[in-house]
Amino acid sequence: MDWRRLSLVPYRLRLLLRAAFVFLMAATVGLALSVLQQEKQLSYKNYEGSFQKTRVQVAATLRHPTGQLALLNPQPASSGGALHPLLLPFAALDFDDLQKVQQAVAMSGCLAQYGNNGSLCVGIGNNPWAGGFIYVAGTFNGARLVPHARGDQIVDQAHRVRVKVTLRGQRYEWIAPFEESTEPQTPGRRYSGMRGRLTGFNAADVARAKAPVVKDFRGWIWQSPRCNQADANDDDDACARSAFFSLRLPIGVLQDALFEKRRPEWPPADLDRINVSLAVLAPGDGAPLLDSSTGPAAQPFALADLKTMLLPGERLQIKRLGDGVMLPPLIGPVESEDQSWHFVTTLIRHLPVDAYDVPLEAKEVIATPAGSYEVVLKGDVRSVSKSLGVVASRLVWFVGAMLAALMLAWLVIEVGIIRRIKVLIKRADDVGEKVKSARGFSETDLADLRGADELGVLATGLHDLLRRVREDVERENIRAEQERDMWHAVGHEIMSPLQSLMVLHGNDQSQRYISRMQQAVRVLYGHASPSEAFQSSELQVTEVELTGFLQNVADNAPCIGIEHVMYEGPATPLTARADEYSLEDVVTHVLRNAERYRLPGSPITITLHGSETGATISIHNQGPQIAPDMLNKIFEYGVSDGAGENRGQGLFVAKTYMAKMGGTIVAQNHAHGVRFVLSLQRGG
């Protein structure tokens, strides 16, 4: 037989497989690169269109009064209760005309929202010659307005507005009660509800009951005649109605500063340090209908809000042309790059695309009443590479799948057939020797060779045969182990009462231990395992008088070989719900555990404490502490230190019996020893 010819067959198959693998891998990678390059070119063109749309949108927003308000007030809005006046894109507010003032504050977007129903706009005009006034406009909801009688020095019985302004060491405070207008409304106007003036008084003069009217203070308030609730009656004075008010506050410090210089400085340089607070008060001492000290729920439009219009990585830079001041730049949020796909994005960036390296930049000049601003928007083409990450990841999975398919074909031939034949022959030769030892079955595993082909059928038959033999042996071992556990458990439960019975033979206490022995036999008899026997046992829970019970246990402890057991507890009777025999078993198991670990000659202390709903039995011994990770595990069946005949059953029995009596048992480490705490429910 020519072995060299036979060896050429697998060699040529391997060579053909590897050549096909390399060819298909190169073709797959080339196809993926071609698709990615086309997608990158298309994505770059789409990004150019999106960049131009962003430029137009930003420019249109900044040319609108709302955007100009943000340009004129680039400083961030305050988050506290005090408001700072905004420089409005208007010379002044026509505060006594409802429609004009509403239109002005709505277009400028200066309203800050307070809760669900309130809003406030505080600003100054962009023309210094309009006078040193601060304008305030806002809305609130409230019951029908209660007017103030003219000439009456008491203003707290009407709806009123309290305004405070602090600047440059000066403090202004006004109280403006609502005075209903007696003038007939102009025909054809939409408004037909309640309206009137807000007459301003200095707060200090109101407190002295000598309050002249502040002449330059102007204010109006308009209230809708309709209730906000759809099912409410409009004639009900208590139903909530929306109201709009506008104020003009005379600020003497600003007015004096306008005439100190030939060319007044406007807007004031300390505009962000002028604090304005306002509250709309109902008649009496109730809570304000609108209070600026609560802080706004939504701020007016600011330059930072333009960031939402920017695409990832785009940079918006605004410069004031008058003095060349650069406002803080805005950068579109950029998501962190997944490091696991870093090589994919790096590959995408190196793919050649037409005009990809040309920087995208657009400039706009925005004219405002306070000067012009240059707006520069710069694009970031890196977002194109990141957006292609989704497509690239799909292609990576596709390439990976193709490579996996090629490797699978090679593995099927190289490993799935040839190697299986060799392994099956070798393992079949070892079956006879390994069957002799039960330990060998776990090593003779043919599960990896099973399948639907001829080799798989042969491996399956041999595997099933070995599995059945192994299961029979394991089943027999389990049965024998359970039988040994059962006899050890019976001996464990019977030996303790028998030892006590032998010591107390002829004593009247012997009857008690005989009863315990009978109960233990009934519990263990006829079950597959000790743990199942204890868990399925039924206890006779009655009321047990613990004081005498524990004293009796402590007195009889020497009879079962446990010396120096002391009882400390109340002298008065204390009852709890328990099964007397089972509770004595629990205490005995704990005492034996304490006897095994206590310091030689040290006492074991049993204490009793009672409350209205429960009773607590503590058993303390001096000796080594329990490892923290074993405080709960010692109550599991079979957990033992392995010393002597100890099988880790006593504390398991104690915990099982306590649970069946509605109680608990825990182990606690204390100074110089261990304490077991048994908790029971109090009796009636």
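# Exercises on a predicted model

The protein chain exposes about 37,300 Å², and carbon and sulfur atoms supply 55% of it. The model is predicted.

## Exercise 1: The whole chain

Task: state how many helices and strands the protein chain has, and what share of its residues count as buried.

Solution.
- Step 1. Take the elements: there are 14 helices and 23 strands.
- Step 2. Take the burial: 41% of the 684 residues count as buried.
- Step 3. Turn to contacts with a separation of 6 or more. Residues 24 or more positions apart account for 68% of them.

## Exercise 2: The cores

Task: find the residues with the most contacts inside the largest nonpolar core, and the helix that gives the most to this core.

Solution.
- Step 1. The largest nonpolar core has 62 residues. I134, V165, F245, L247, L249 and L278 have the most contacts inside it.
- Step 2. Helix α1, residues 3-63, gives the most to this core: five residues.
- Step 3. Look around I134. Beyond its neighbours within four places in sequence, I134 contacts P85, V122, G123, I124, V165, L247, R248, L249, I251, I274 and V276.
- Step 4. Another core lies apart from the largest one. This other core has 43 residues, including V544, V586, L631 and I634.

## Exercise 3: A patch on the surface

Task: name the residues that make the nonpolar surface patch of about 360 Å². Then decide whether V29 is buried, partly exposed or exposed.

Solution.
- Step 1. The patch is made by V22, M25, V29, L33 and L347.
- Step 2. Helix α1 supplies the largest share, four residues.
- Step 3. V29 lies in α1. V29 has a relative accessible area of 37%, so it is partly exposed.

## Exercise 4: H620

Task: place H620 in its strand, and decide whether H620 is buried or exposed.

Solution.
- Step 1. H620 is in strand β21, residues 614-622.
- Step 2. The cut-off for buried is under 20% relative accessible area. H620 has 18% relative accessibility, so it counts as buried.
- Step 3. List what H620 touches, not counting residues up to four places away in sequence: P603, I604, T605, H670, A671, G673, V674 and R675.

## Exercise 5: Helix α14

Task: say how many residues of helix α14 are buried, and which ones.

Solution.
- Step 1. Helix α14 spans residues 650-660, and eight of its 11 residues are buried.
- Step 2. The buried residues are G650, L651, F652, V653, A654, T656, Y657 and M658.
- Step 3. Go past the helix. G662 follows α14, with a positive phi near 80 degrees.

Conventions
Residues numbered from 1 in each chain as written. Predicted model: local features only at pLDDT ≥ 70, side-chain atom pairs only at ≥ 80, totals over all residues. Heavy atoms only, no water. Buried < 20%, exposed > 50% of the residue type's maximum accessible area, 1.4 Å probe, protein only. Helix = DSSP H or I, 4+ residues; strand = E, 2+ residues; numbered from the N terminus. Contact = heavy atoms within 4.5 Å. Areas by Shrake-Rupley, 256 points an atom, 1.4 Å probe, with all protein chains shown as cover. Core = buried A, V, L, I, M, F, W, Y, C linked by side-chain atoms within 4.5 Å. Patch = residues over 30% accessible without salt bridge, like charges linked within 9 Å, V, L, I, M, F, W, Y side chains within 5 Å. Salt bridge = Lys/Arg side-chain N within 4 Å of Asp/Glu carboxyl O.
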